Amino acid sequence: MRALVYTGPNSLEMADMPEPVPNAGESVVEIEAVGICGSDQHAYHGTDPRRVPPLILGHEAAGRVVSGPMEGERVTINPMVTCGTCRYCIEKRENLCPDRSLLSIPPREGAFAQRVAIPPENLVVVPEGVPMAHAALAEPLACGWHALRLAANSFVRPIGDARLVVLGGGAIGLGTALGALVYGIEDIWISEPNPARREMLAQAGPFQIYGADEEGPEDGTVPLVIDAYGSEASRATSTRLAAPGGVIAHIGLAGGGAGLDTRRMTLQEITFFGTYTYTNDDFRATAQAIFDGRFGNFSWIEERPLADGAQAFADLDARRVRAAKIVLKP
């Protein structure tokens with residue numbers, strides 16, 4: 001089969017690769033749409049030790065089952081495979097399973113390919129009429145959905161009453177903002193340094209968009225901050241913005257461990273928590289919200305052929321991309 005293969009830092013090539021070999025009881029899915037994630041970009045830069053070349057990246061995918069259980073069904077893929085028997089899986093916190101694996105992390109090849117193998121319990125049926133490029137967004141949107149659900153559990157009053165600031169206007173940040181609308185939040189701000197992307201964000205929903213040189217909410221006035229970037233600078237910003245008794249959800253993985261003003265967080269009882277991916281229930285709830293049209297029209301994505309994937313990564317690096325998400329089509 002043809003696949004876009006990560007061959008080394010800043011290098012991707014289309015190549016013939018072996019067909020996926022399903023484990024017992026697994027399905028094989030013909031990929032019809034697969035998104036480029038920030039973690040794919042980290043791997044492409046050679047900064048993710050878990051992803052060693054040569055490797056097929058990509059985990060935000062949807063397609064049609066061509067063999068095994070659910071054959072013939074249109075599906076979106078939960079790429080996280082878990083054991084199902086540990087304490088975390090039993091508690092429905094599968095994202096913390098110590099034996100979890102993910103498409104694009106060995107031993108599982110990713111979805112920048114014509115086909116992948118995956119357990120059927122990781123598949124959600126996509127209704128006819130829902131574009132596959134939209135269905136593939138269940139994975140990144142579920143990350144924001146999960147963060148919002150955890151944040152709601154940390155609030156004394158209903159989360160819908162909160163002002164929200166999202167730091168970072170990529171797919172995770174925008175997806176979180178769109179999910180916040182579903183949660184009933186109306187006062188939503190997005191901080192994004194890329195001017196072209198700010199223009200797109202302003203059209204994606206009823207959000208207030210601002211850059212580093214523009215005025216945003218005052219420090220100490222924001223009950224809920226979602227850090228969708230995850231750098232030292234964004235963590236420092238989040239602790240300045242958070243209101244007394246506020247909540248900071250840290251979802252970004254840009255790197256580094258510094259930036260938090262722990263003294264202010266202690267004196268003002270600011271809750272900080274990390275949020276990683278999603279649970280099975282979060283993924284299915286997000287997929288259903290997509291099917292129901294609650295995330296809007298997805299005008300913020302751009303579709304390209306998989307064969308143009310290397311150029312797509314280069315364009316993302318050079319900030320030539322206005323869209324919040326590029327979806328590749330094998």
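A polar contact is a pair of N or O atoms within 3.5 Å. Keep that cut-off at hand for the exercises below, which all work on a predicted model.

**Exercise 1. Which side chains make polar contacts with the side chain of Arg-115, and is Arg-115 buried or exposed?**

Step 1. Find the residue: Arg-115 belongs to strand 9, which covers residues 115-118.

Step 2. Look up its accessibility. Arg-115 has a relative accessibility of 15%, and buried means under 20%, so Arg-115 counts as buried.

Step 3. Follow the side chain to its partners. One polar contact, at 2.6 Å, leads to the side chain of Glu-19. Another, at 3.1 Å, leads to the side chain of Glu-30.

Step 4. Add the surroundings. With neighbours within four places in sequence left aside, the residues in contact with Arg-115 include Met-1, Pro-20, Val-28, Val-29, Ile-31 and Val-66. Glu-19 and Glu-30 are on that list too.

**Exercise 2. Where is Asp-48 placed, and what does its side chain reach at 2.9 Å?**

Step 1. Go to the loop between helix 1 (38-44) and strand 4 (55-56); Asp-48 is there.

Step 2. Check the burial of this loop residue. Asp-48 counts as buried because its relative accessibility is 10%.

Step 3. Trace the polar contacts. The side chain of Asp-48 reaches the backbone nitrogen of Arg-50 at 2.9 Å. In addition, the side chains of Asp-48 and Arg-51 are joined by a polar contact of 2.5 Å.

Step 4. Now set aside residues up to four places away in sequence: Asp-48 touches His-42 and Ala-43.

**Exercise 3. What separation do the C-alpha atoms of Pro-120 and Pro-69 have, and which residues are in contact with Pro-120?**

Step 1. Place Pro-120 in the loop between strand 9 and strand 10 (123-125).

Step 2. Classify it: Pro-120 has 18% relative accessibility and therefore counts as buried.

Step 3. Take the pair of prolines. Pro-120 and Pro-69 are 51 residues apart along the chain, and 6.2 Å separates their C-alpha atoms.

Step 4. List the contacts, again without neighbours within four places in sequence. Pro-120 is in contact with Gly-25, Glu-26, Ser-27, Pro-69 and Met-70.

**Exercise 4. Is Thr-266 buried or exposed, and what distance separates its C-alpha atom from that of Cys-89?**

Step 1. Locate Thr-266 in helix 8, residues 262-267.

Step 2. Apply the cut-off. Exposed means over 50%, and Thr-266 is at 60% relative accessibility, so Thr-266 counts as exposed.

Step 3. Look across to Cys-89. The two residues are 177 apart along the chain, with 32 Å between their C-alpha atoms.

**Exercise 5. Why does the radius of gyration of the chain agree with a compact globule?**

Step 1. Start with the expected value: a compact globule of 330 residues would have a radius of gyration near 20 Å.

Step 2. Compare the chain, which has 19 Å and therefore agrees.

Step 3. Fill in the overall picture. The C-alpha atoms fill a box of roughly 55 × 45 × 40 Å along the principal axes, and the secondary structure comes to 10 helices and 18 strands. Buried residues make up 54% of the chain. Of the contacts between residues at least 6 apart in sequence, 69% join residues at least 24 apart.

Step 4. Finish with surface and charge. About 13,800 Å² is exposed, with carbon and sulfur atoms supplying 50% of it. The chain carries 28 positive and 40 negative side chains, and the centres of these sets lie 2 Å apart.

Definitions and conventions:
Residues are numbered from 1 along each chain as its sequence is written. This is a predicted model: local features need pLDDT of at least 70, side-chain atom pairs count only at pLDDT 80 or more; totals for chains, interfaces and linings use all residues. Side-chain values use heavy atoms; hydrogens and water are left out. Helices (H or I, at least four residues) and strands (E, at least two) are DSSP runs, numbered from the N terminus. The radius of gyration is taken over C-alpha atoms; the globule rule is 2.2 Å times the number of residues to the power 0.38. Buried means under 20% relative accessible area, exposed over 50%, partly exposed in between (1.4 Å probe, protein chains only). Contact means heavy atoms within 4.5 Å. Accessible areas come from the Shrake-Rupley method with a 1.4 Å probe; for residues, only the protein chains shown count as cover. Lys and Arg count as positive and Asp and Glu as negative; His and the chain ends are not counted. The place of a charge is taken as NZ of Lys, CZ of Arg, CG of Asp or CD of Glu. A polar contact is a pair of N or O atoms within 3.5 Å; within protein, one must be able to donate a hydrogen and the other to accept it, and residues adjacent in sequence count only if both atoms are side-chain atoms.
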